[in-house]
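Me: Please take a close look at a single part of this model. I want one helix, with its faces and its surroundings.

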Amino acid sequence: MRQEQQVKYCQNSEVLLFVGRIFFSFLWRAETAGTLWLLCCQRVLLCEKAGTFAVAACSAANLWQNRGCFLRTESRFEVFMSTDKSCNLCPHYCPVDRESGQKGRCSAGQKVEISSAYLHHGEEAPISGVNPADGGSGTIFFARCNLRCIFCQNWEISQTLPSLRSDSWEASAEELADIMLKLQARGAYNINLVSPTPHVRQIEVALRSAKSRGLTIPIVYNSGGYDSLESLRIMDGLIDIYMPDAKFAPLNEEDADSPDPLAARLFGAADYVRVNRLALLEMFRQVGHLRPERMVPARRGLLVRHLVMPDDLARTSRMLPWLSENLGPELRLNLMAQYRPMFLVRKRPAEYADIPGLTRPLRIDEYQAAADLTRSVGLNRAFIRPHF
Ligand code: SF4
């Protein structure tokens, strides 16, 4: 009877290991492989004599055969892109093959395009630190952007064609990894990737390479908040701090999933609200609230930026309650006040005469009303400007 049980157990083990073999063959995350290995070990401890040897031998063979699970460094992007050559890095889903040199709405190419890389002391305190003599944020400004904000203050970087600029350069993933390591060597608190969305593919390869060569400081993903879930899942486990914009809220909650003509006009993305909310929730799922709470610089978590606009154009009055309800009152929020009519709004004001708020700076009473609402909805960890 006991022998029969052992035979049955060994047969069950073989079935279990066969399933495990398939899993090991497809999973690339070392931690997942490690978890399965631990489960296997627990079974080995329960096994007796011949069963123990057979199971241990099979497990060792599995691990050896699938050792690439632990060593693999190729891009996760290939997993997402192998069957469909259109770009899925943002929800524009441009029907172009970036690998063969075609360009979509953002005009980003095969290589990353970098505008500048330096130690930045002007970001939020958890990112740049509080002492200008120390580290700072190792900031890499990428050219190209998947949004088309008509008042963009960085439009020369984000929306000017490469042929019209001389201050940016193309870099391979390996060159990008080198830049990250140099910033770390200069004392950067973190690597701050500004406008990374169109370059996620190359960033992922660069991060894997840089981490394997000693990059240990936190990685900050600093985007306009219009990121696809596919793109964010490629970044899952590689990013420590997400710092997205939450630019815009719906007129009514019932309209949150509907295309919004004002969002199309302001940001070039009619579905900004729906996409942004999904992205914020996914980012929060990955990293949680910003930590540590008091000390700077931060090591991990979510920091959301919201720019208050004149005449409540960004619908701050709807944004703040949603953030508090869905991401919690512990959320680190930067309530920004620097709206100025820039770029197209400044160049062609007549085109925007029907939106009068766009053509003037934010008033102090408008910012204070937003600050009061931030406190009243319980967002007590928000950065609110004491002076205007
Ligand atoms: S990242 Fe650029 S090319 Fe890719 S879908 Fe977005 S806008 Fe299109």
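Reply: The helix comes before the elements that cover it. This is a predicted model: local features need pLDDT of at least 70, side-chain atom pairs count only at pLDDT 80 or more, and totals for chains, interfaces and linings use all residues. Residues are numbered from 1 along each chain as its sequence is written.

Start with α15, residues 364-376. Helices are DSSP runs (H or I, at least four residues) and strands likewise (E, at least two), numbered from the N terminus. The 13 residues of α15 should span 18 Å at 1.5 Å a residue (1.5 Å times one less than the number of residues). The end C-alpha atoms of α15 are 18 Å apart, which agrees.

Now its faces. E366, A370 and T374 are buried (20 or more other C-beta atoms within 10 Å of a residue's own; 12 or fewer is exposed, in between partly exposed; C-beta atoms are placed from the backbone). Those three cover an arc of only 80° around the axis, so they sit on the same side of α15 (directions from the helix axis to the C-beta atoms). An α-helix has 3.6 residues a turn, so residues three or four places apart point the same way. I364, D365, D372, R375 and S376 are exposed on the other side of α15.

What covers the buried residues? Among the elements in contact (C-beta atoms within 7 Å) are α13 (316-327), β8 and β9.

Follow β8 (residues 332-336): this strand pairs with β7 (residues 301-307) in the parallel sense over 5 bridges (pairing takes at least two DSSP bridges). M336 in β8 is the bridge partner of L307.

Finally, G378 follows α15, with a positive phi near 90°.

Technical notes: Contact = placed C-beta atoms within 7 Å.
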